[in-house]
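Student: I have a model open and would like to understand the labels attached to it. Could we go through them together?

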Amino acid sequence: MSDKSIFISNKKTMDYQLFIYVFFLVGFGILMVYSASSFVSSRDYGKPAYYAIKQFGAAIIGFVGMYVVSRIRYQYFKYITKILLILSGILLLLVYVIGSARNGSTRWIILGPISFQPSEFAKFSIILYMAHICSVRQKSMQTFVGTLKILIYPMAIVLIIAIENLSTAIICVAIAGLIWIIVTPKPQYAFILGGVAVLVIIVLIAARGYRGDRISAYFNPETSDAGYQTMQSLYAIGTGGFFGKGLGQSAQKRGFIPEAQNDMIFAIVCEELGVFGAAGIIAVYLMLLWRLKYIADQAYDLFGSLIVVGVIAHLASQTLLNMCVVTNILPNTGVTLPFISYGGTSLSILLTEIGLVLSVSRQTSLNYR
């Protein structure tokens, strides 16, 4: 680096195309959170905008995090990647000691008015750790043992998460796996590691009865008690038609879909805005991912490129998983729709990840000095 300062010069303009896509999704998300939650918010809190205001606050925190991180040279994050990974592991273990349960799962640490989901921070940590370790240890990947040494720390984090949150663990595997497979000289190891991952998933499903119930509900949502949310989601999608009922006109959000502003918010999008609106949102996601790919291709070094690849893996896997669950292509599992679903920790961390990408884009090979 010609400039030893930790901060990037103000002369380096950020990628406004990427920012516009993200800003649109966040703004649309706040609007949809308000629409999906207004009935429940009025009933439970006497304020129709209760959840929307909290989501707006999380967005402000996230945009501040995005700005700060985008001004820091991403190369300096390589010095703290292991620290961040260890910290995420400690926070995840603390969940089992002082964590709070919601909907039968213990995933949150609550300190007064602040609630925090450490598994979201773990995604951020795994992106940075894998991007750094894979950019400096490529020779180690020549052997299976060397590959295991690289993957053992993030996989330990994944196993801790998987005990209570299998869907997030799968997303973390997608992040680590995509970064690793892009740089590994031994892609055949993926078959071995993939087989082990499948076996672990089967064991984890068998170990928790409710996961088996969700598998059963996937095949028979009409007759299974666990299929209620899925059926209500499908009703919402089916009644939306091509152009939808109109913004704010959803019937399923009136207590039929439990916590419609969370995992099932895409069903409300389909009901209110129809296939046309849903296709428009999918198009924005695709444009966002394409822009991220462009930035990854133009990155100044391998570390920067792999950071963006990790963000691509996070957004793509989580978006696909959420939409497949809502449409019953996959069994029901709790995962939010990026930038749109209600969830302060998720939104703040995602925006901070975009800050990393903006830092990479400000230092591309074409605009480095």
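Tutor: Happily! Let's start with a cut-off: an angle over 145 degrees between two helix axes counts as roughly antiparallel. Keep in mind that this is a predicted model.

Student: Why are α1 and α12 called roughly antiparallel?

Tutor: Helix α1 and helix α12 (residues 344-362) pack at an angle of about 175°. The cut-off is over 145 degrees, and α1 and α12 are therefore roughly antiparallel to each other. Their axes lie 11 Å apart.

Student: Which residues make that contact of α1 and α12?

Tutor: Leu18, Val22 and Val26 come from α1, while α12 supplies Leu347, Leu351, Ile354, Val357 and Leu358. By class, this contact has eight nonpolar residues, no polar ones and no charged ones.

Student: And what makes α1 and α2 roughly antiparallel?

Tutor: The reasoning takes the same cut-off, over 145 degrees. Helix α1 (residues 16-45) and helix α2 (residues 50-70) pack at about 155°, with axes 6 Å apart, and they are therefore roughly antiparallel to each other. On the α1 side the contact includes Phe19, Val22, Phe23 and Tyr45, and on the α2 side Tyr50, Phe56, Phe63 and Met66 are among the residues met. The contact of α1 with α2 divides into 15 nonpolar, three polar and no charged residues.

Student: How do you know that Arg73 is buried?

Tutor: Buried means under 20% relative accessible area. Arg73 has 2%, so it is buried. You will find Arg73 in the loop between α2 and α3 (81-98). The C-alpha atoms of Arg73 and Arg362 are 8.9 Å apart, although 289 residues separate the two along the chain.

Student: Why does Ser346 count as buried?

Tutor: The limit is again under 20%, and Ser346, at 9% relative accessibility, counts as buried. Ser346 sits in helix α12. Leaving out residues up to four places away in sequence, Ser346 touches Glu120, Gln318 and Thr336.

Student: What makes Glu259 partly exposed, and Asn328 buried?

Tutor: Partly exposed lies between the 20% and 50% limits; Glu259 has 38% relative accessibility, so it counts as partly exposed. Asn328 has 16%, so it counts as buried. Glu259 is in the loop between α9 (228-240) and α10, and Asn328 is in the loop between α11 (302-326) and α12.

Student: Why would anyone point out a positive phi?

Tutor: Most residues other than glycine have a negative phi. Glu259 is not a glycine, yet its phi is about 50°. Asn328, also not a glycine, has a positive phi of about 65°.

Student: Where is the kink in α5?

Tutor: It lies at Ile152 in helix α5 (residues 144-162), shortly before the proline Pro154, and amounts to about 45°. Pro154 is one of the buried residues of α5, along with others including Ile150, Leu151 and Ile157.

Student: Which residues have the most contacts inside the largest nonpolar core?

Tutor: Met130, Cys134 and Phe339 do, in a core of 102 residues. Helix α10 (residues 265-298) gives the largest share of this core, 14 residues. Not counting residues up to four places away in sequence, Phe339 touches Val22, Leu25, Val26 and Gly29, among others, as well as Leu347, Leu351 and Ile354. Val22 and Val26 should look familiar, as they also take part in the contact of α1 with α12.

Notes. Residues numbered from 1 in each chain as written. Predicted model: local features only at pLDDT ≥ 70, side-chain atom pairs only at ≥ 80, totals over all residues. Heavy atoms only, no water. Axes fitted to C-alpha atoms, helices over the stretch in contact; angles between N-to-C directions. Helix = DSSP H or I, 4+ residues; strand = E, 2+ residues; numbered from the N terminus. Parallel < 35°, antiparallel > 145°, perpendicular 65-115°, else oblique. Contact = heavy atoms within 4.5 Å. Nonpolar A, V, L, I, M, F, W, Y, C, P; charged D, E, K, R; others polar. Core = buried A, V, L, I, M, F, W, Y, C linked by side-chain atoms within 4.5 Å. Buried < 20%, exposed > 50% of the residue type's maximum accessible area, 1.4 Å probe, protein only. Bend = angle between axes of the 7 residues up to and from the residue.
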